[in-house]
2 protein chains.
Amino acid sequence: MMKKGKMDSSKTLPVTETSAPAGRFAAGADPAKREQIVDGAKRVFMQKGFDAASMNDITREAGVSKGTIYVYFDNKEDLFIAMVERERAAFLAALRTVLKDNENVETGLREFGIKFLEHLTDEKIVNAMRTVLGVRERMPDLCARFFRGPQNLRTVLKDFLTLHVEAGSLEIDDIELASGQFLDLASGSFFKFRLFGTMPEAPPREEIERVIRGAIHVFMAAYGQKKTNSPAE
Amino acid sequence: MMKKGKMDSSKTLPVTETSAPAGRFAAGADPAKREQIVDGAKRVFMQKGFDAASMNDITREAGVSKGTIYVYFDNKEDLFIAMVERERAAFLAALRTVLKDNENVETGLREFGIKFLEHLTDEKIVNAMRTVLGVRERMPDLCARFFRGPQNLRTVLKDFLTLHVEAGSLEIDDIELASGQFLDLASGSFFKFRLFGTMPEAPPREEIERVIRGAIHVFMAAYGQKKTNSPAE
DNA sequence: GGCCAATCGAACCGATCGGTTCGAAATGAT
DNA sequence: ATCATTTCGAACCGATCGGTTCGATTGGCC
């Protein structure tokens with residue numbers, strides 16, 4: 001069995017091979033089969049972590065033959081990386097267009113904050129982060145890259161805040177620091193609770209809204225332009 | 001070889017056994033030997049995580065015989081738990097008395113925040129947290145318990161803030177939320193950077209001070225009692 | 001120095017690991 | 001129905017795992 005049909009692991013989904021007919025792929029080139037493997041692997045990796053997840057476990061969970069897994073992926077680590085990259089891409093896609101430049105500052109922060117915290121406390125994301133943290137020593141680049149995805153949202157937020165500083169509705173000396181502060185306030189500790197397991201379920205919508213409301217209140221108290229006719233406090 | 005001398009793993013250090021002379025302990029009862037094992041185990045567990053750390057690795061690193069390890073600890077998991085509990089106790093001991101009740105609010109928050117962030121970004125703590133997170137699925141109680149230690153600092157902070165609300169220097173509707181907000185601001189994202197590896201070294205003192213200064217600025221803007229003769233902004 | 005017991009270190013055990021091999025079964029195209 | 005190829009699933013390989021055993025060595029006490 002040749003491994004010639006193996007795809008580049010960094011690609012999420014391959015384009016259809018012109019040499020293979022529409023309904024049948026070269027060995028290792030079927031996107032549905034690949035997805036099936038990664039799905040099964042994800043469930044086992046997130047349940048057991050990288051080291052304790054065995055390829056026999058993954059074979060059973062994915063419902064494919066072990067030989068087939070090795071047609072699609074070079075080794076266990078390769079499979080893990082593919083899974084992590086897929087999860088990261090999904091997280092980013094969900095948050096890509098939350099902030100709109102022509103938004104009112106409080107409305108924008110509210111929508112961004114709620115969406116951000118909802119995703120950050122979602123079972124899938126929390127599990128993914130834990131799993132990735134478990135391999136930090138052996139795959140430090142992967143771990144850092146996984147986190148750099150969500151971290152890029154800071155740049156998005158920074159651009160948003162910069163616009164509003166220029167428009168005069170915010171007054172911020174250090175936009176870098178302020179962006180981080182809003183993200184920290186928006187996390188509302190819930191992320192840490194979820195990560196460490198002291199909060200077994202994602203917080204309900206009202207709790208998320210309460211935390212984001214509080215975050216905006218604190219943030220605007222510090223950085224909002226003072227209104228002379230109706231004080232913020 | 002009987003395991004009769006095995007100590008309760010939940011004890012950090014045993015009292016000297018009256019049945020054993022001062023210079024010689026019953027099998028499994030020597031605190032120095034126990035410490036030697038836990039030290040070696042800690043280095044391996046934090047480097048490799050629980051699953052990938054082998055008892056042979058730990059044997060070599062600790063410089064004891066594998067048989068001796070099993071005299072002191074029931075199994076690998078028992079050893080891991082002992083190590084984690086020891087690290088947790090050390091973290092808590094370092095932070096126990098940072099907030100003093102008769103402190104000025106901003107001075108108190110500054111000292112608490114700096115100390116808190118210094119510890120939270122320390123290599124030892126970050127490694128310990130990552131390692132514990134790696135076993136969250138198999139030992140959820142241990143993981144939650146490890147985090148509950150630092151989380152108890154929230155209660156300490158809450159008591160401090162309550163005193164200052166009653167003294168009139170703070171105005172806070174929701175003290176629970178405000179406590180969490182200060183802790184989140186004080187973490188300053190550095191904790192997450194450190195955890196995920198995008199910040200390889202602990203931040204320098206000036207950076208920590210900058211972040212805590214910003215945290216206090218934002219916090220006091222929202223909750224400090226307004227002064228009519230010298231505005232905060 | 002002798003005695004006793006803790007520790008050492010090598011060997012062992014059954015089990016599992018990641019990865020490989022290959023004939024049989026399944027599947028899609030013609 | 002036939003053919004070509006992908007996938008299956010069982011067996012295999014060398015290596016390592018956690019935990020156990022036991023004669024030899026070491027060290028403290030008398």
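**Entry 1: the interface of chain A and chain B**

I looked up polar contacts across the interface of chain A and chain B, and the rule gives ten residue pairs, both residues at pLDDT 80 or more. I note that this is a predicted model.

I then asked which elements of chain A give two or more residues to the side that touches chain B; they are α1 (31–52), α6 (123–133), α7 (140–167), α8 (175–187), α9 (190–196) and α10 (205–223). The largest share of that side, nine residues, belongs to α10(A). By type, I recorded 19 nonpolar, twelve polar and 14 charged residues on the side of chain A that touches chain B.

I checked the extent of the contact: 45 residues come from chain A and 45 residues from chain B. The two chains bury about 4,100 Å² between them, with 60% of it on carbon and sulfur atoms.

For salt bridges between chain A and chain B, I found a count of six. I looked up A:D184 with B:K192, a salt bridge whose closest N and O atoms are 3.4 Å apart.

**Entry 2: DNA strand D**

I listed 23 residues around DNA strand D, of which A:R24, A:S65, A:T68, B:Y70 and B:K76 come nearest. Of the strand D atoms that come within 4 Å of the protein, 69% are accounted for by sugar and phosphate.

I looked up individual distances next. A polar side-chain atom of A:T68 is 2.5 Å from a phosphate oxygen of strand D, and a side-chain N or O atom of A:K33 is 3.3 Å from a phosphate oxygen of the strand. For B:K66, I noted a side-chain N or O atom 3.0 Å from a base nitrogen of strand D. The elements giving two or more residues to the surface near strand D are α3 (66–72) of chain A and α3 (66–72) of chain B.

Terms used: Residues are numbered from 1 along each chain as its sequence is written. Chains are lettered from A and ligands numbered from 1 in the order in which they are written. This is a predicted model: local features need pLDDT of at least 70, side-chain atom pairs count only at pLDDT 80 or more; totals for chains, interfaces and linings use all residues. Side-chain values use heavy atoms; hydrogens and water are left out. Contact means heavy atoms within 4.5 Å. Buried area is the accessible area (1.4 Å probe) that two parts lose on being put together, summed over both. A salt bridge is a side-chain nitrogen of Lys or Arg within 4 Å of a carboxyl oxygen of Asp or Glu. A polar contact is a pair of N or O atoms within 3.5 Å; within protein, one must be able to donate a hydrogen and the other to accept it, and residues adjacent in sequence count only if both atoms are side-chain atoms. Helices (H or I, at least four residues) and strands (E, at least two) are DSSP runs, numbered from the N terminus. Ala, Val, Leu, Ile, Met, Phe, Trp, Tyr, Cys and Pro count as nonpolar, Asp, Glu, Lys and Arg as charged, and the others, Gly among them, as polar. A residue is near a molecule or strand if one of its heavy atoms lies within 4 Å of it.
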